[in-house]
Structures are given as structure tokens and as C-alpha cells.
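Me: I would like to learn how the pockets of a protein model and the surroundings of a bound ligand are read. Could we work through one case together?

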Amino acid sequence: MANRKPKEFEKIAMKFEDFEGILSFPDVFGRKNAVHIEVGSGKGTFLVNEAAASPAVDFLGIEWARKYYLFAVDRMGRKGLTNVRMIRTDAAMFIEKNIATDSVDCFHIYFPDPWPKRSHHKRRFVCAQNIVQILRCLKKHGHINIATDHKDYFQWMQKEFAAFDDELKQVDFIKPVGAKENECAGTNFERKYIKEKRNIFTIAFRKK
Ligand SMILES: C[S@@+](CC[C@H](N)C(=O)[O-])C[C@H]1O[C@@H](n2cnc3c(N)ncnc32)[C@H](O)[C@@H]1O
């Protein structure tokens, strides 16, 4: 793929011009199904494997970086997947403004940028403000699945989620189908970190 220009397959790439305000998943996918959202999909490895293995579920990846978004769209398009879409935007803003209440079955957040400097912690995706929005969008008994290599961010997440005990129950992390035996989530970053022998931390919740 190094020398080939990635193709922005129209059937995969979602554009803001394609819809107004709140997104209708049945309109986007042409059917009413379970919906999973991945925040920060990177090169799309998790989505490609999961969408191929779970044809009865519809997947939406949100990725900020155009280069990775295009890479993911190209992979999904070449595989001919029909149950996955990508949008290039800021996930926090998009979830707040464009995702309907009680419409999502699962949020996947794998290896979110850790922003290690204290002065940058306010940029972390997992924060009370975004948990409020994720909770709003989740259906009853919907899941949140998270993995990170960053111990400090993991502890930060545990504290942020502790404030939502009334609405979220901590549950076992369910390994995605694309994850190999030695992996938790099966993403590109996880594969890189496993080679570096880093510890991986996972946490999962279910909306009560
Ligand atoms: C460390 S990478 C992990 C990528 C992928 N999940 C993996 O595990 O291989 C974090 C990704 O999240 C994306 N990202 C960071 N903040 C974002 C945001 N607010 N909205 C959407 N994507 C974001 C980055 O561009 C990057 O691709």
C-alpha cells in the first residue's frame, strides 16, 4: 500500500453533507441493527476484523487524523465490507452533536492518546464530560470496552468512571473476535506495544 494512493470509497466514507443533525443509523446502513462505535480507529484493524466477523452488527469508526481515516476507508472498501462506515472528525464533538440518545450498543476505545503531561490531561478523551455523552447514547445494557498500555491513564479512567457507579456496572472485558490469543483488542497499537513488551490494561462497563 506504500506506493498506492488510498481510495476514499464512497460507500464507507461518511461526510457531514450526507446527513443533517442527528445521525439515523437505519438510514446510514439501510437496516435496523445493533450499532457499535469505535473512537480513534487509527488504521482500522479492529473494525475490519470485527465487521467481517459480525455481519449482523453495524460499525462506525471515528478518526481525527485524515491519513489514518483514509487508510482505514481504503482497507474496508477493498474488502467489500457493507456494515462499516468511517467519519473523519473529532469524536467528542461528533458524539455530543450527532449521535442519538439510546442508539448505540457498544463503544470501543482502544489505546486512546494518553496525553502524559499533566498540563495536557484535559485533552484525554476519557473524561467525565465525554462519559456523560457516551452514557446518553448507549442503549440500556449497552457496553463500553476500553484498552490502554498507559498505567497512569488507566488509573485516571478508573477514577473518572467511579463517579458513574449509579449508571454503569463494571463487567468483564470481552475480547474482540479479531484479537489473537496473546492480544486483548487486536489493534495496530496493541501489536506494536506487545512487541515492546508493555503491559496492557483493559476495563469494560455495562449501562444499567
Ligand atoms: C494511539 S492511536 C490508537 C489507534 C487505534 N485505536 C489502535 O489501537 O491502533 C489514537 C488514535 O485516536 C485518534 N484520535 C485522537 N483523538 C481523537 C478524537 N478526539 N477524535 C477522533 N479520533 C481521535 C488519533 O488520530 C489516533 O489515530
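**Pockets and the ligand site**

Reply: This is a predicted model. We may begin with the second largest pocket, whose lining consists of His-36, Glu-50, Cys-106, His-108, His-143, Asn-145, Ile-174, Lys-175, Pro-176 and Val-177.

Me: Which elements give two or more residues to that lining?

Reply: Two or more residues come from each of β5 and β6 (138-148). By class, the lining of this second largest pocket holds four nonpolar, four polar and two charged residues.

Me: How much space lies in the second largest pocket, and how much in the largest?

Reply: A pocket volume is the space filled by probe spheres set on its grid points. The second largest pocket holds about 150 Å³, and the largest pocket about 710 Å³. Among the 32 residues lining the largest pocket, Val-39, Gly-40, Glu-63, Pro-112 and Asp-113 are the closest to its centre.

Me: Which elements each supply at least two residues of the lining of the largest pocket?

Reply: They are β2 (34-39), α2 (45-53), β3, α4 (91-98), β5 (104-110) and α7. The lining of the largest pocket divides into 15 nonpolar, nine polar and eight charged residues.

Me: Where is the ligand with respect to the pockets?

Reply: A molecule is assigned to a pocket if more than half of its atoms lie within 2 Å of the grid points of that pocket. Here, the space taken by the ligand is the largest pocket. Two elements, β3 (57-63) and α7 (188-195), give two or more residues to the shell around the ligand.

Me: Which residues come nearest to the ligand?

Reply: A residue belongs to the shell if one of its heavy atoms lies within 4 Å of the ligand. There are 18 residues around the ligand, of which Gly-40, Glu-63, Asp-90, Tyr-110 and Thr-187 come nearest. The shell comprises eight nonpolar, six polar and four charged residues.

Me: What polar backbone atoms lie by the nitrogen and oxygen atoms of the ligand?

Reply: A polar contact is a pair of N or O atoms within 3.5 Å. A polar backbone atom of Tyr-110 is 2.8 Å from a nitrogen atom of the ligand. For Trp-64, a backbone N or O atom lies 3.1 Å from a ligand nitrogen atom. At Phe-189, a polar backbone atom is 2.9 Å from an oxygen atom of the ligand.

Me: How much of the accessible area of the ligand does the protein cover?

Reply: On its own, the ligand has 590 Å² of accessible area, and the protein covers 86% of this area.

Technical notes. Residues numbered from 1 in each chain as written. Predicted model: local features only at pLDDT ≥ 70, side-chain atom pairs only at ≥ 80, totals over all residues. Heavy atoms only, no water. Polar contact = N/O pair within 3.5 Å; in protein donor to acceptor, adjacent residues only side chain to side chain. Areas by Shrake-Rupley, 256 points an atom, 1.4 Å probe, with all protein chains shown as cover. 1 Å grid on protein atoms, 1.4 Å probe; cavity = no way out; pocket = protein on both sides within 12 Å on 5 of 7 lines; lining within 4 Å. Helix = DSSP H or I, 4+ residues; strand = E, 2+ residues; numbered from the N terminus. Nonpolar A, V, L, I, M, F, W, Y, C, P; charged D, E, K, R; others polar.
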